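Welcome! Here is a short tour for anyone meeting this structure for the first time. Please have a look at the sequence and the model, and then read on.

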Amino acid sequence: MSRLAFITGATSGIGLATARILAENGYRLALAARSKERLEQICVEMEDQYSVHSEMFVMDVREEEQINAAVNQCIEKQGIPDILINDAGLARGLESYDKTSVPDIKQMIDTNIRGLFLVTHAFLPFMIKRNTGHIINIGSTAGLYAYAGAAVYCATKAAVKTFSDGVRIDVIQSDIKVSTIQPGIVETPFSEVRFHGDRKRAESVYEGIEALHPEDIADVILYVLSAPKRVQIADVVVMANQQATGFMVYKKNG
Ligand code: NDP
Ligand code: 8X3
């Protein structure tokens with residue numbers, strides 16, 4: 001049977017592009033996010049475009065009960081995933097830490113750290129029992145290089161990288177692989193979410209630079225998943241050509 005990938009954050013951006021490329025390559029899919037409507041549309045797309053039957057899981061990664069329900073349902077309906085892609089995540093705001101709102105701080109920590117940790121915690125025992133699995137965590141160059149106005153977001157992504165490294169040690173005796181993908185600037189709805197729906201401000205982030213496309217990251221994920229059993233790609237850092245560190249980008253006309 002083809003390999004099953006459980007993807008969080010599957011309704012948009014990198015997660016959606018990953019779902020598409022995996023469907024194209026014959027993977028079975030378990031798609032998770034908060035938006036039921038978007039998940040329904042994407043499941044139809046997977047069926048129509050790629051003849052892939054996917055299951056959807058409406059799940060807020062900040063809610064432990066929703067995670068456990070989704071994990072149990074997935075295992076019941078589709079079996080233990082061969083692949084877990086922890087993509088759900090977000091930035092909220094871009095201002096100095098003293099001015100960052102407490103709800104924004106909590107949302108970033110609860111989604112990017114706590115949510116990712118708990119989803120992994122719910123699936124990992126099943127993978128360990130089966131002695132196989134591949135966990136792919138979406139970090140960011142923001143976790144490697146802090147930038148102004150993003151102390152919390154950057155710290156959450158540093159946590160993702162360190163968490164991946166720790167789990168990789170814990171599963172060393174098994175055939176389970178753990179990979180962190182650390183993208184630079186990717187043009188997705190990410191900035192619109194960060195700026196609380198301010199589309200104009202979001203668009204300005206991508207002006208004057210050819211940002212990565214979500215498909216570029218999906219291609220990397222497919223490559224990481226396609227490596228032979230003996231090969232564990234631990235970390236991948238992917239930047240736009242005009243990007244040198246986390247937020248050090250060369251902008252034409254600016
Ligand atoms: P998008 O905003 O396009 O996608 C974010 C996804 O996360 C959506 O599917 C959203 O679905 C889901 N999501 C957000 N909050 C929750 C939650 N509480 N529970 C469940 N799902 C949630 O952004 P990107 O595709 O750009 O971002 C994906 C990941 O990549 C994030 O972890 C981000 O930090 C990381 N990243 C992004 C970069 C960029 O430049 N865009 C660069 C480096 C890393 P829904 O709203 O339906 O729940
Ligand atoms: C999200 C992209 O450019 O804000 O990780 O670091 S960026």
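Let us begin with a ligand. Around ligand 2 sit S140, A142, Y147, Y153, F190, R194 and F247. Please keep in mind that this is a predicted model.

Which side chains bring an N or O atom to an oxygen atom of ligand 2? The table lists S140, Y147 and Y153 with their distances.

| Side chain | Partner | Distance |
|---|---|---|
| S140 | oxygen atom of ligand 2 | 2.5 Å |
| Y147 | oxygen atom of ligand 2 | 2.4 Å |
| Y153 | oxygen atom of ligand 2 | 2.6 Å |

How much of ligand 2 does the protein bury? On its own, ligand 2 exposes 240 Å², and 91% of that is buried by the protein.

Next, a stop at a helix. S191 belongs to helix α6, which covers residues 190-194. Is S191 buried or exposed? Its relative accessible area is 3%, and because buried means under 20%, S191 counts as buried. The side chain of S191 also has a polar partner: it makes a polar contact with the side chain of Y206, at 2.7 Å. Once neighbours within four places in sequence are set aside, S191 is in contact with A202, V205 and Y206. Y206 therefore appears both as the polar partner of S191 and among its contacts, by the cut-off of heavy atoms within 4.5 Å.

Now for a strand. N86 lies in strand β4, made up of residues 83-86. With a relative accessible area of 2%, N86 is buried. Which side chain does the side chain of N86 meet in a polar contact? The partner is the side chain of N137, at 2.8 Å. Leaving out neighbours within four places in sequence, N86 is in contact with T8, L116, V119, T120, I135, I136, N137 and I138.

Finally, let us turn to the nonpolar cores. The largest nonpolar core has 45 residues, and the members that touch the most others are I7, L22, L29, L31 and I181. What does I7 touch, apart from residues up to four places away in sequence? The list is G15, T18, A19, L22, L29, A30, L31, A32 and I85. A second core, separate from this one, has 25 residues, including M59, V119, F163 and V167. V119 may look familiar, as V119 is also one of the residues in contact with N86.

Conventions. Residues are numbered from 1 along each chain as its sequence is written. Chains are lettered from A and ligands numbered from 1 in the order in which they are written. This is a predicted model: local features need pLDDT of at least 70, side-chain atom pairs count only at pLDDT 80 or more; totals for chains, interfaces and linings use all residues. Side-chain values use heavy atoms; hydrogens and water are left out. Helices (H or I, at least four residues) and strands (E, at least two) are DSSP runs, numbered from the N terminus. Buried means under 20% relative accessible area, exposed over 50%, partly exposed in between (1.4 Å probe, protein chains only). A polar contact is a pair of N or O atoms within 3.5 Å; within protein, one must be able to donate a hydrogen and the other to accept it, and residues adjacent in sequence count only if both atoms are side-chain atoms. A nonpolar core is a set of buried Ala, Val, Leu, Ile, Met, Phe, Trp, Tyr and Cys residues joined through side-chain atoms within 4.5 Å. A residue is near a molecule or strand if one of its heavy atoms lies within 4 Å of it. Accessible areas come from the Shrake-Rupley method with a 1.4 Å probe; for residues, only the protein chains shown count as cover.
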